[in-house]
Amino acid sequence: MAYLTRDQYLQQLAERSNGKSQQRQYVSYFGLKDDGDEAVVRFAYSDPSQFDVYTVHPVTVDGKFRKVNCLRGFHDPVEKCPLCEAGEPVQNKIYIKLIKYERAEDGSTINIVPCVWERPASYITILNNLFSEYGDISDCVFKIRRSGERGSLQTTYSIMFANPSVYNSQLYKKDFSAFEDYNVLGTAVLDKSYKEIVTEILGGECDDTDEDEQPLVSVPKDETPSSGPKRITY
Ligand SMILES: [Zn+2]
């Protein structure tokens, strides 16, 4: 972090002194690169009400392909979100929290890698089906297998129940502690204010004299958004 407010700095110092920051594990993006690749995982949900679903805009921020939270509620007019107003596409995504199990190089232990898996919101149905079949899925181990060559738009994933006598919970531990302080919003999905979207993403200007009122906005609408999404993947 390049810039810290005084309070953030003091908080970081406090966390460092009680060892919290050393213990905290980074949550990475889950992905399988090639056809036939597999991973052994455990989903961090004991109830479907805990799913993390967001409406997002795929945009380029600082040269990186990112997702930004859409500011509009279901019944809000288009003006509520500058990216909607600029005609940027929206996607409904689920961010699936899971732990991936990786065998240590010497084969003796199974390491836990906390991950978030971005999928179309239609995966809610797939996860709901797992709940119907297996009950609390946080008690189960699953295998995810990719079918589809690298870059293929027809890529699918199958999620298979893993036999508990092979993938037993003594070795494949149920440990979701990495997600205790984790929030999808602000990490996998950028949490930008109206003003930040206008100035940082759309390159416009925003009058910030009164934060509570609808800001006066100047967005270069006559320009084709060259910084828009290059591709949309599901
Ligand atoms: Zn929007």
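# Notebook: a predicted chain

**Entry 1. Arginine 72**

I began with arginine 72, which is partly exposed because 17 other C-beta atoms lie within 10 Å. The scale I used: a residue is buried if 20 or more other C-beta atoms lie within 10 Å of its own, exposed if 12 or fewer, and partly exposed in between, with C-beta atoms placed from the backbone. This is a predicted model, where local features need pLDDT of at least 70, side-chain atom pairs count only at pLDDT 80 or more, and totals for chains, interfaces and linings use all residues. Residues are numbered from 1 along each chain as its sequence is written.

I placed arginine 72 in the loop between β4 and α3 (82–85). Helices (H or I, at least four residues) and strands (E, at least two) are DSSP runs, numbered from the N terminus. What does arginine 72 contact, leaving aside its neighbours within four places in sequence? I found Lys80, Cys81 and Cys84. Two residues are in contact if their C-beta atoms, placed from the backbone, lie within 7 Å. I also checked the C-alpha distance from arginine 72 to cysteine 84: it is 8.2 Å, with the two 12 residues apart along the chain.

**Entry 2. The whole chain**

I counted next. The protein chain has 5 helices and 10 strands. Of its 234 residues, 20% are buried. I took the contacts between residues at least 6 apart in sequence; 63% of them join residues at least 24 apart.

Then I looked up confidence. pLDDT is the predictor's confidence in each residue, from 0 to 100. The chain's mean pLDDT is 85, and 78% of residues reach 70 or more. Over residues 219–234 pLDDT stays under 50; the model has 20 contacts beyond four places in sequence for this stretch. Where pLDDT is low, the predicted coordinates should not be read in detail.

**Entry 3. Strands around β5**

I followed strand β5 (residues 91–103) to its partners. Two strands pair if DSSP finds at least two bridges between them. β5 runs antiparallel to strand β3 (residues 53–61), with 4 bridges. Across this pairing, threonine 55 faces asparagine 92, and valine 53 faces isoleucine 94.

Strand β2 (residues 38–43) is antiparallel to β5 too, again over 4 bridges. There I saw valine 40 opposite tyrosine 101.

With strand β6 (residues 110–120), β5 shares 11 antiparallel bridges. Lysine 100 stands opposite valine 113 here. β5 and β6 form a hairpin with 6 residues between them, and glycine 107 in the turn has a positive phi of about 80 degrees.

**Entry 4. The β3–β4 turn**

I moved to β3 and strand β4 (residues 64–69), an antiparallel pair joined by 6 bridges. Valine 56 is opposite asparagine 69. The hairpin leaves 2 residues between the strands.

In that turn I stopped at aspartate 62. Its phi is near 50 degrees, a positive value in a residue other than glycine. Is aspartate 62 buried or exposed? Aspartate 62 counts as exposed because it has 7 C-beta neighbours inside 10 Å.

**Entry 5. Proline 89**

I found proline 89 in the loop between α3 and β5. Proline 89 counts as partly exposed because 13 C-beta neighbours lie inside 10 Å. Proline 58 is 31 residues away in sequence, yet the two C-alpha atoms are 7.3 Å apart.

**Entry 6. Helix α4**

I took helix α4 (residues 123–134) end to end. Its 12 residues reach 16 Å from first C-alpha to last, close to the 16 Å expected at 1.5 Å a residue. The expected span is 1.5 Å times one less than the number of residues. Why does α4 lie largely in the open? The number of its 12 residues that are buried is 0. Just after α4, glycine 135 has a positive phi of about 75 degrees.

**Entry 7. The core**

I ended with the largest nonpolar core. Such a core is a set of buried Ala, Val, Leu, Ile, Met, Phe, Trp, Tyr and Cys residues joined through C-beta atoms within 7 Å. This one holds 34 residues; Phe43, Leu83, Tyr95, Ile96, Leu98 and Val116 touch the most other members. At least two residues come from each of β2, β3, β5, β6 and α5 (194–201). β5 gives the most, with 6 residues. Domain 1 (28–192) and domain 2 (194–234) each supply at least three residues to this core. The domain bounds come from an automatic or database domain assignment.

Last, I listed the contacts of leucine 83, leaving aside neighbours within four places in sequence: His57, Val59, Val68, Cys70, Glu88 and Ile197.
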